[in-house]
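This text leads through one structure, step by step. Please look at the sequence and the model first.

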Amino acid sequence: MFTGIVEELGEVTAVEQLAEASRFRLRGPLVTEGAKHGDSIAVNGVCLTVVETADGQFTADVMQETLNRSGLGALAKGSRVNLERPMALGGRLGGHLVQGHVDGTGEIISRTPSEHWEIVKVALPANLSRYVVEKGSITVDGVSLTVVEAAADWFTVSLIPTTLALTTLGLKQPGDPVNLEVDVLAKYVERLLAAGVDPLRTEGEAK
């Protein structure tokens, strides 16, 4: 489980194409500190399993399903990436609950700079539209953000200078793809309601 608060701006140092998979080597001295085989690290919001670490770098195998559902397949040597280690139980939850399970990809539509922040408009896949609401949370390339406006096929977020400087969102241009993860709580509520379950009713309470 992650929070969507990016810890480090890393870099892809190698990509090896495998049969229906890819192996990535990524540089991230902070997130690899103390990391070992089997640990998890979020890369642009995608939860990956560490295969090995050495000299401030780690490798991770990415199966075809993940490549199909996220923008990781577009990464190449030299690509910058957002990195985050899993949250520690008992720590502060700075963003919101993020699983690292990408729900789909969007595309940067436009960027509107101002003196102290920048409004970024992102295309929203139709199957994710119902989960995105004004003032709600969404994860864009692993960054926990608050939705400013939400339409049927797009949403906007406001990026502060810190986010622009310390994450890949400061580098993205119109037309660039981004990984999207919606709030998992909204999906659970939808599933319960579809099954005819009232999530607010306590056990034993009369209907």
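In this predicted model, six strands form a closed barrel with antiparallel pairing, in the order 1-2-5-4-3-6. Direction ignored, neighbouring strands of this sheet are turned against each other by 45° on average.

The order begins with strand 1 and ends with strand 6. Where do these two strands lie in the sequence, and how do they pair? Strand 1 covers residues 8–18 and strand 6 covers residues 80–84. Their pairing is antiparallel and runs over four bridges. To find this place in the model, look for Gly10, which stands opposite Val81 in strand 6.

The UniProt record, an unreviewed entry, divides the sequence into two ranges. It lists residues 1–96 and residues 97–193 under "repeat: Lumazine-binding". The annotation "domain: Lumazine-binding", also from an unreviewed entry, covers residues 1–96 and 97–193 as well.

For the range 97–193, the model gives some further values. The span is 41% strand and 16% helix, and its end C-alpha atoms are 21 Å apart.

Aromatic rings come next. A pair of such rings is described by the distance of the centres and the angle of the planes. How many aromatic pairs does the structure hold? The count is zero. One ring does have a charge over its face: Lys121 lies over Trp154, at 4.3 Å from the ring centre.

Definitions and conventions: Residues are numbered from 1 along each chain as its sequence is written. This is a predicted model: local features need pLDDT of at least 70, side-chain atom pairs count only at pLDDT 80 or more; totals for chains, interfaces and linings use all residues. Side-chain values use heavy atoms; hydrogens and water are left out. Rings of Phe, Tyr and Trp (its six-membered ring) pair if their centres lie within 6.5 Å; planes under 30 degrees apart count as stacked, over 60 as edge-to-face and the rest as tilted. A charge sits over a ring if NZ of Lys or CZ of Arg is within 6 Å of the ring centre and within 35 degrees of the ring normal. UniProt positions are given in the numbering used here, feature names are shortened, and annotations may be inferred rather than shown by experiment. Two strands pair if DSSP finds at least two bridges between them. Axes are lines fitted to C-alpha atoms, for helices over the stretch in contact, and angles run from 0 to 180 degrees between N-to-C directions.
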